[in-house]
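Here is a structure to read step by step. Keep the sequence and the 3D view side by side as you go.

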Amino acid sequence: MTTRTEPSLDASAQLLDVFKALANPVRLQVLQWLRDPEHHFPMEQAIADPNEVGVCVSHIQAKTGLAQSTVSAYMASLERAGLVRSTRVGKWTHYRRDEERIAQLVDMLGRSL
(Lines give C-alpha, C1' and ligand atoms only; values in the text may rest on other atoms or scores of the structure.)
Protein backbone atom coordinates (compact mmCIF):
# COMPACT_ATOMS: atom_id res chain seq x y z
CA MET A 1 0.00 0.00 0.00
CA THR A 2 1.33 3.40 -0.93
CA THR A 3 0.73 6.48 1.10
CA ARG A 4 0.53 9.81 -0.65
CA THR A 5 1.99 12.66 1.33
CA GLU A 6 0.88 16.24 0.97
CA PRO A 7 3.60 18.80 0.27
CA SER A 8 4.51 20.72 3.38
CA LEU A 9 3.34 24.30 3.74
CA ASP A 10 6.98 25.37 3.77
CA ALA A 11 7.66 23.62 0.44
CA SER A 12 4.50 25.09 -1.06
CA ALA A 13 5.50 28.58 0.10
CA GLN A 14 8.98 28.17 -1.40
CA LEU A 15 7.56 27.06 -4.72
CA LEU A 16 5.08 29.93 -4.69
CA ASP A 17 7.97 32.39 -4.24
CA VAL A 18 9.74 30.80 -7.21
CA PHE A 19 6.63 30.97 -9.38
CA LYS A 20 6.11 34.63 -8.46
CA ALA A 21 9.72 35.45 -9.32
CA LEU A 22 9.50 33.64 -12.66
CA ALA A 23 6.11 35.12 -13.56
CA ASN A 24 7.83 38.28 -14.76
CA PRO A 25 9.18 37.79 -18.30
CA VAL A 26 12.26 39.96 -17.72
CA ARG A 27 13.26 38.06 -14.56
CA LEU A 28 12.78 34.78 -16.42
CA GLN A 29 14.91 36.07 -19.32
CA VAL A 30 17.69 37.22 -16.98
CA LEU A 31 17.75 33.80 -15.32
CA GLN A 32 18.06 32.22 -18.77
CA TRP A 33 20.88 34.60 -19.73
CA LEU A 34 22.74 33.76 -16.51
CA ARG A 35 22.74 30.10 -17.51
CA ASP A 36 25.37 30.95 -20.14
CA PRO A 37 26.79 34.34 -19.13
CA GLU A 38 29.75 34.26 -21.50
CA HIS A 39 27.35 34.05 -24.44
CA HIS A 40 24.97 36.79 -23.28
CA PHE A 41 27.16 39.40 -21.58
CA PRO A 42 30.30 41.29 -22.69
CA MET A 43 33.25 39.44 -21.18
CA GLU A 44 35.81 42.09 -22.16
CA GLN A 45 34.15 44.44 -19.63
CA ALA A 46 33.88 41.87 -16.82
CA ILE A 47 35.87 42.56 -13.66
CA ALA A 48 35.33 39.03 -12.31
CA ASP A 49 34.78 35.51 -13.66
CA PRO A 50 31.07 35.36 -14.56
CA ASN A 51 30.88 31.62 -13.84
CA GLU A 52 32.50 31.87 -10.41
CA VAL A 53 31.40 35.30 -9.19
CA GLY A 54 28.59 36.21 -11.53
CA VAL A 55 27.57 38.99 -13.87
CA CYS A 56 27.72 42.60 -12.73
CA VAL A 57 24.33 44.16 -12.20
CA SER A 58 25.36 47.03 -14.48
CA HIS A 59 25.76 44.55 -17.38
CA ILE A 60 22.35 43.05 -16.63
CA GLN A 61 20.90 46.55 -16.51
CA ALA A 62 22.48 47.47 -19.85
CA LYS A 63 21.17 44.32 -21.54
CA THR A 64 17.62 44.74 -20.24
CA GLY A 65 17.51 48.47 -20.90
CA LEU A 66 15.70 49.00 -17.61
CA ALA A 67 16.49 51.40 -14.80
CA GLN A 68 19.14 50.27 -12.32
CA SER A 69 16.62 50.37 -9.47
CA THR A 70 14.22 48.11 -11.40
CA VAL A 71 16.96 45.60 -12.21
CA SER A 72 18.12 45.60 -8.58
CA ALA A 73 14.56 44.92 -7.42
CA TYR A 74 14.21 42.12 -9.99
CA MET A 75 17.48 40.53 -8.90
CA ALA A 76 16.48 40.80 -5.23
CA SER A 77 13.28 38.94 -6.08
CA LEU A 78 15.22 36.16 -7.81
CA GLU A 79 17.60 35.99 -4.85
CA ARG A 80 14.77 35.75 -2.30
CA ALA A 81 13.32 32.89 -4.36
CA GLY A 82 16.69 31.12 -4.14
CA LEU A 83 17.36 31.21 -7.88
CA VAL A 84 20.47 33.43 -7.84
CA ARG A 85 23.26 34.35 -5.45
CA SER A 86 24.86 37.74 -5.13
CA THR A 87 28.50 38.62 -4.50
CA ARG A 88 29.92 42.07 -3.89
CA VAL A 89 33.09 42.98 -5.78
CA GLY A 90 34.08 46.45 -4.68
CA LYS A 91 31.08 48.67 -5.16
CA TRP A 92 29.45 46.31 -7.68
CA THR A 93 27.05 43.44 -7.06
CA HIS A 94 27.41 40.35 -9.24
CA TYR A 95 24.76 37.68 -9.71
CA ARG A 96 24.98 34.05 -10.72
CA ARG A 97 22.48 31.22 -10.80
CA ASP A 98 22.31 28.95 -7.77
CA GLU A 99 22.31 25.68 -9.72
CA GLU A 100 22.16 23.49 -6.61
CA ARG A 101 19.12 25.33 -5.28
CA ILE A 102 17.44 25.30 -8.70
CA ALA A 103 17.90 21.50 -8.85
CA GLN A 104 16.36 21.19 -5.37
CA LEU A 105 13.39 23.31 -6.42
CA VAL A 106 12.85 21.23 -9.56
CA ASP A 107 12.92 18.09 -7.42
CA MET A 108 10.52 19.65 -4.92
CA LEU A 109 8.18 20.61 -7.76
CA GLY A 110 8.26 17.07 -9.09
CA ARG A 111 7.29 15.69 -5.71
CA SER A 112 4.61 18.32 -5.10
CA LEU A 113 2.59 18.05 -8.30
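What follows moves from the whole chain to two helices, then to a strand, and ends at a pocket.

Start with the model itself. It is predicted. The protein has 113 residues, and 35% of them count as buried. Six helices and three strands make it up. Follow the sequence from its start and the elements come in the order α-α-α-β-α-α-β-β-α. Now think about contacts. Take those between residues at least 6 apart in sequence: 53% of them join residues at least 24 apart. The surface comes next. About 7100 Å² is exposed by the protein, and carbon and sulfur atoms supply 52% of that area.

Turn to helix H2, which covers residues 25-35. Which of its residues are buried? They are Arg27, Val30, Leu31, Trp33 and Leu34. Look down the axis of H2. The buried residues fall within an arc of 160°, so they line one face of the helix. The other side of H2 has Pro25 and Arg35, and these are exposed.

Helix H4 can be read in the same manner. The helix runs over residues 57-64, and its buried residues are Val57, His59 and Ile60. Viewed along the axis of H4, these residues fall within an arc of 160°, so they too line one face of their helix. What covers them? The cover includes helix H2, strand S1 (55-56), helix H5 (68-80) and strand S3 (92-97). Helix H2 therefore appears in this account both with a buried face of its own and as part of the cover over H4.

Stay with H4 for one more residue. Ala62 is found in this helix. Is Ala62 buried or exposed? Its relative accessible area is 56%, and over 50% counts as exposed, so Ala62 is exposed. Phe41 is 21 residues away from Ala62 along the chain, and their C-alpha atoms are separated by 9.5 Å. After H4 comes Gly65, with a positive phi near 75°.

Now move to strand S3, residues 92-97. Three of its residues deserve a look. Take Thr93, which is placed in this strand. Its relative accessibility is 14%, and under 20% counts as buried, so Thr93 is buried. Leave out residues up to four places away in sequence, and Thr93 touches Val55, Cys56, Val57, Ser86, Thr87 and Arg88. One of these, Val57, is a buried residue of H4. Thr93 and Val53 are 40 residues apart along the chain, with 9.5 Å between their C-alpha atoms.

His94 is also in S3. With a relative accessibility of 1%, His94 counts as buried. Its C-alpha atom is 9.4 Å from that of Ile60, although the two residues are 34 apart in sequence. Ile60 is another of the buried residues of H4.

Arg97 lies in S3 as well. Is this arginine buried or exposed? Its relative accessible area is 11%, so Arg97 is buried. Setting aside neighbours within four places in sequence, its contacts are Leu31, Leu34, Arg35, Leu83, Val84 and Ile102. Leu31 and Leu34 are among the buried residues of H2, while Arg35 is exposed on the other side of that helix. Glu79 is 18 residues from Arg97 along the chain, and 9.1 Å separates their C-alpha atoms.

The last stop is the largest pocket. It holds about 230 Å³ of space. How many residues line it? The lining has 14 residues, and Val18, Leu22, Leu83, Ile102 and Val106 lie nearest the centre. Helix H1 (9-22), H2 and helix H6 (99-112) each give two or more residues to this lining. By kind, the lining residues divide into eleven nonpolar, one polar and two charged. Two residues named here have been met before: Leu83 and Ile102 are both in contact with Arg97.

Key. Residues numbered from 1 in each chain as written. Predicted model: local features only at pLDDT ≥ 70, side-chain atom pairs only at ≥ 80, totals over all residues. Heavy atoms only, no water. Buried < 20%, exposed > 50% of the residue type's maximum accessible area, 1.4 Å probe, protein only. Helix = DSSP H or I, 4+ residues; strand = E, 2+ residues; numbered from the N terminus. Arc of directions from axis to C-beta. Contact = heavy atoms within 4.5 Å. 1 Å grid on protein atoms, 1.4 Å probe; cavity = no way out; pocket = protein on both sides within 12 Å on 5 of 7 lines; lining within 4 Å. Points joined across faces, edges and corners; volume = space filled by probe spheres on them. Nonpolar A, V, L, I, M, F, W, Y, C, P; charged D, E, K, R; others polar. Areas by Shrake-Rupley, 256 points an atom, 1.4 Å probe, with all protein chains shown as cover.
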